[in-house]
Amino acid sequence: MAPVPIVSVVLPVCNARQTLPQALASIQFQTFREWELILIDDGSTNGCMAGFVALDDRIRVVQDGRNLGLAARLNQGIDLARGKYLARMDQDDVAYPSRLERQVEFLERNPDVDLAGTKAIVFRDEGRPVGLFPFRATHTEICAHPWNGFYLPHPTWMGRIDWFRRHRYTVPEVVRAEDQDLLLRAYDSSRFACVDEILFGYRKAPQSLGSLWPARINLARAQLRVHAAKGRWVYGVLGSMTPLLKSAADVLRSPFQMGGEPAGRWDRLSESEIGAWRRIWNSVSPGFND
């Protein structure tokens, strides 16, 4: 077995034949070397893991042929993790080479922080950058309006393993809102932050108004359940209404939107930020032509 790592990267996989190689390459290119990657196959059926052999002994592959869902697999990764810190990673995203290094440094300098994200570029399947995920630096800013969600992009998370084991993911999962549900349950007894540096590429396909409904309905239910359980009835009512009001507002704005996607979702990127992203995309995507 490999030496005990500092960081355990948990990466659940399901039918990710096209995108998994990029995600894996971005972890293997990390400047910080004391990591393990827990690669958990959630019952893939398209052969994305067929013939996969981990040549790096820091990669642990978990396959049992079952489809348990994302939340259950994340909890499994939390249980298997050996590192001091746990990092989230999605099967279709790209970590910048210094991501783990910068987050470990940040958490070491800030022992009061339980969970840290990073700035993230949002990109499409072909690697085209479309903007910057909205940035909030401090716990106060991230949690300013808990009934309205938390600006802390989930695939960028790195946190202390004891925090993840204390809070875990809800099962049955809050489909497409499991990470927001976790933050909602934990924010008033935790400390969040976001590293002020772009360290991640977050793949987001264009979303129609209809595609946003399932996540928003599930988030509305979670808001009501969590706040009511803590006696915060006003927050519960606001939280249950806000995702639905957002959808109504999107419908009203829809004639002015491009491709049906809610307008103004992402912040603007500078030319230097776009250039840095293209270099990283090229490094994990042989043959990409920008």
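**Salt bridges, helices and one cavity**

D179 is buried, and R88 is buried as well. Let's start with that pair. Keep in mind that this is a predicted model.

What do the side chains of D179 and R88 do? They meet in a salt bridge, 3.2 Å from N to O. Where do the partners sit? D179 is in helix 6, residues 178–186. R88 is in strand 4, residues 85–88. The two are 91 residues apart, so this pair links distant parts of the chain. As a reminder, side chains of opposite charge can pair when their charged atoms come close.

How many salt bridges are there in the structure? There are 15. I'll take two further pairs.

Next pair: R60 and E36. Their side chains meet at 2.9 Å, N to O. Again, distant parts of the chain are linked. R60 belongs to strand 3, residues 59–63. E36 belongs to strand 2, residues 35–41. The separation is 24 residues. Now look at exposure. R60 has a relative accessible area of 23%, so it counts as partly exposed. E36 comes out at 1%, so it counts as buried. The cut-off for buried is under 20%.

Third pair: D125 and R203. This salt bridge spans 3.4 Å, N to O. D125 is in the loop between strand 6 and strand 7, the latter being 129–132. R203 is in strand 9, residues 192–203. They are 78 residues apart in sequence, so the pair ties those parts together. Is D125 buried or exposed? It is exposed, because its relative accessible area is 52%, and exposed means over 50%. R203 has 8%, so R203 is buried.

There is a network too. D42, D64, R66 and R73 are joined into one network by salt bridges that share partners. Hold on to R73 and D42. They come back.

Now the helices. Helix 1 runs over residues 20–28, and it is mostly covered. How many of its 9 residues are buried? The count is 7. They are L20, Q22, A23, L24, A25, S26 and I27. What covers them? The cover includes strand 1 (7–13), strand 2, strand 5 (94–95), strand 9 and helix 9 (271–284).

Helix 2 runs over residues 70–80. Here is R73 again, among the buried residues. The others are A71, L74, N75, G77 and I78. What do the buried residues of helix 2 pack against? They pack against strand 1, strand 2, strand 4 and helix 5 (161–167).

On to two loop residues. D90 is in the loop between strand 4 and strand 5. Its relative accessible area is 14%, so D90 is buried. What is D90 in contact with, leaving aside neighbours within four places in sequence? The contacts are L11, A23, H154 and P155. A23 is one of the buried residues of helix 1.

Then C14. It is found in the loop between strand 1 and helix 1. C14 is partly exposed, because its relative accessible area is 28%. Not counting residues up to four places away in sequence, C14 touches D42, S44, N67 and Q91. And there is D42 again, from the salt-bridge network. Which distance separates C14 and G69? In sequence they are 55 residues apart, and in space 9.2 Å, C-alpha to C-alpha.

Now empty space. Rolling a probe the size of a water molecule over the atoms shows where empty space is left. A search of the whole structure finds 1 cavity of 30 Å³ or more. About 30 Å³ of space lies in the largest cavity. Which residues line it? They are T118, K119, A120, F133, P134, F135, R136, Y151, P153 and C194. The largest share of that lining, 3 residues, comes from strand 6, residues 115–123. By type, the lining splits into 7 nonpolar, 1 polar and 2 charged residues.

Last, confidence. The mean pLDDT of the protein chain is 85. Of its residues, 80% reach 70 or more. Where does the pLDDT fall below 50? That is over residues 247–263. Beyond near neighbours in sequence, that stretch has 23 contacts in the model.

Methods: Residues are numbered from 1 along each chain as its sequence is written. Side-chain values use heavy atoms; hydrogens and water are left out. pLDDT is the predictor's confidence in each residue, from 0 to 100. Contact means heavy atoms within 4.5 Å. On a 1 Å grid over the protein atoms alone, a cavity is a set of points where a 1.4 Å probe fits but cannot get out, and a pocket is an open set with protein on both sides within 12 Å along at least five of seven lines; lining residues have an atom within 4 Å of a point. Grid points are joined across faces, edges and corners, and a volume is the space filled by probe spheres set on the points. Helices (H or I, at least four residues) and strands (E, at least two) are DSSP runs, numbered from the N terminus. Ala, Val, Leu, Ile, Met, Phe, Trp, Tyr, Cys and Pro count as nonpolar, Asp, Glu, Lys and Arg as charged, and the others, Gly among them, as polar. A salt bridge is a side-chain nitrogen of Lys or Arg within 4 Å of a carboxyl oxygen of Asp or Glu. Buried means under 20% relative accessible area, exposed over 50%, partly exposed in between (1.4 Å probe, protein chains only).
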